[in-house]
Amino acid sequence: DYFYNLGWVEGAGNLQLSNFGKGGLGGDAILGLVQAGAASGGAPTYTGRDNAYMLTLPDGIPAWSGMFLWEPIAGAFEGSYADGDFDAGIIYHEYSHALSTRLVAGGEALGSHQSGSMGEGWGDWYGMHYLLKNGLQDKPVVGGYVTGNMESGIRSYALDDSPYNYGDIGYDVGGPEVHSDGDIWAAILWQVREELIETYGKTEGESIAEHLVMDAMPISVPEPSMEDMRTAIIASDFERYGGEHYDALWKAFAQRGLGSDAYSNGGNDTDPIPAFNHPDGQHNGQISGTVINAATNKPIKDARIIIGEFEARTSPLSVT
């Protein structure tokens, strides 16, 4: 119902038993698997423990989602045994996969690395946004219940603590991975949400954010990069609000490396160029300097300048 009221309706491919003649194909109410794989036991696997999934099929064919039992993993989390069916954030995350798979660029258009990563990020963002908006959770921590960790849950950070920016694509120790890089998109969208709330107040800011994030999905190009989706969100603001939130949106995107000069060579680019500039130059400043070798006291040629916390494979903003 929440997504329906934001625009994910029958003609847009929602999950609904009967479409009442309003467009799209009915007969695809979602199927939920409770305690999926509970009998298989053993180490965590796709059909065993510590997981959840959403399989979204084309409009008219039911999607199904499975929630798993969770057990501690040495070196990962040390919480109690738990049932994923009671973790609302994970359920909302998985349901949001159906939303983005069906809605972005007309559906079935998330095959690139960055678009697949955004699929994960949208899930985290919408789940945490909904829970905080309705006073059901105090902090945007995904999977806090199943892990017993209310600091970061199943992610590296809570959304409001995440340091990531667009230059961090591919940062994970194993290289580009959709869940890791999805954390980047979730952090970017959370920055947008916080900026809108700070500028326009909680109720109005939350409403603007949730509408624009969804409005951008169907007008996006297929297999979008995060840069593409940023552009779609800006365009959505002009369509719905006449561009009223232009400055606030660009400010938030620029702070996370998706400024006006950010560039990605398509959705599969795992080394995009970040930029931290607002298109209105009056909002920008400039920092200049020289990176010095402390041992020789001489400048270092072509030193990579990175904004934010250093991670492997992080794209430099500039070089000296």
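The following dialogue explains how to read several features of a predicted model.

User: What should be known about the model and its numbering before reading it?

Analyst: Residues are numbered from 1 along each chain as its sequence is written, and the model is predicted, so local features need pLDDT of at least 70 and side-chain atom pairs count only at pLDDT 80 or more, whereas totals for chains, interfaces and linings use all residues. Side-chain values use heavy atoms, with hydrogens and water left out.

User: What is the order of the strands in the open sheet?

Analyst: Helices (H or I, at least four residues) and strands (E, at least two) are DSSP runs numbered from the N terminus. Two strands pair if DSSP finds at least two bridges between them. Here, three strands form an open sheet in the order β1-β3-β2, with mixed pairing. β1 (31–33) and β2 (52–55) each have a single partner strand and stand at the edges, so one side of each is left without a neighbour in the sheet. From one strand to the next, the twist averages 10 degrees.

User: In which sense does each pair of strands run, parallel or antiparallel?

Analyst: β2 and β3 (residues 64–67) run antiparallel and are joined by four bridges; in this pairing Leu55 stands opposite Trp64 in β3. β1 and β3 are parallel, over three bridges, and Gly32 stands opposite Ser65 in β3.

User: Which helices pack on the sheet or on each other, and at what angles?

Analyst: Contact means heavy atoms within 4.5 Å. Axes are lines fitted to C-alpha atoms, for helices over the stretch in contact, and angles run from 0 to 180 degrees between N-to-C directions. Helix α2 (residues 88–103) packs on the sheet, touching β2 and β3, and its direction makes about 20 degrees with that of β2. The axes of α3 (residues 113–133) and α7 (residues 226–241) come within 9 Å and cross at roughly 60 degrees. Angles under 35 degrees count as roughly parallel, over 145 as roughly antiparallel, 65 to 115 as roughly perpendicular and the rest as oblique; α3 and α7 are therefore oblique to each other. Gln114, Ser117, Met118 and Trp122 of α3 make this contact with Met226, Glu227 and Met229 of α7.

User: Is His93 of helix α2 buried or exposed, and what does His93 touch?

Analyst: Buried means under 20% relative accessible area, exposed over 50%, and partly exposed in between (1.4 Å probe, protein chains only). His93 lies in α2 and is buried, with a relative accessible area of 4%. Leaving aside residues up to four places away in sequence, His93 touches Glu120, Gly123, Asp124 and Arg155.

User: How many aromatic pairs are there, and how are their geometries classed?

Analyst: Rings of Phe, Tyr and Trp (its six-membered ring) pair if their centres lie within 6.5 Å; planes under 30 degrees apart count as stacked, over 60 as edge-to-face and the rest as tilted. By this rule there are 16 aromatic pairs. Tyr2 and Phe3 form a tilted pair, 5.6 Å centre to centre with 35 degrees between the planes, and both residues are buried. Tyr53 and Phe68 form an edge-to-face pair, at 6.0 Å and 75 degrees.
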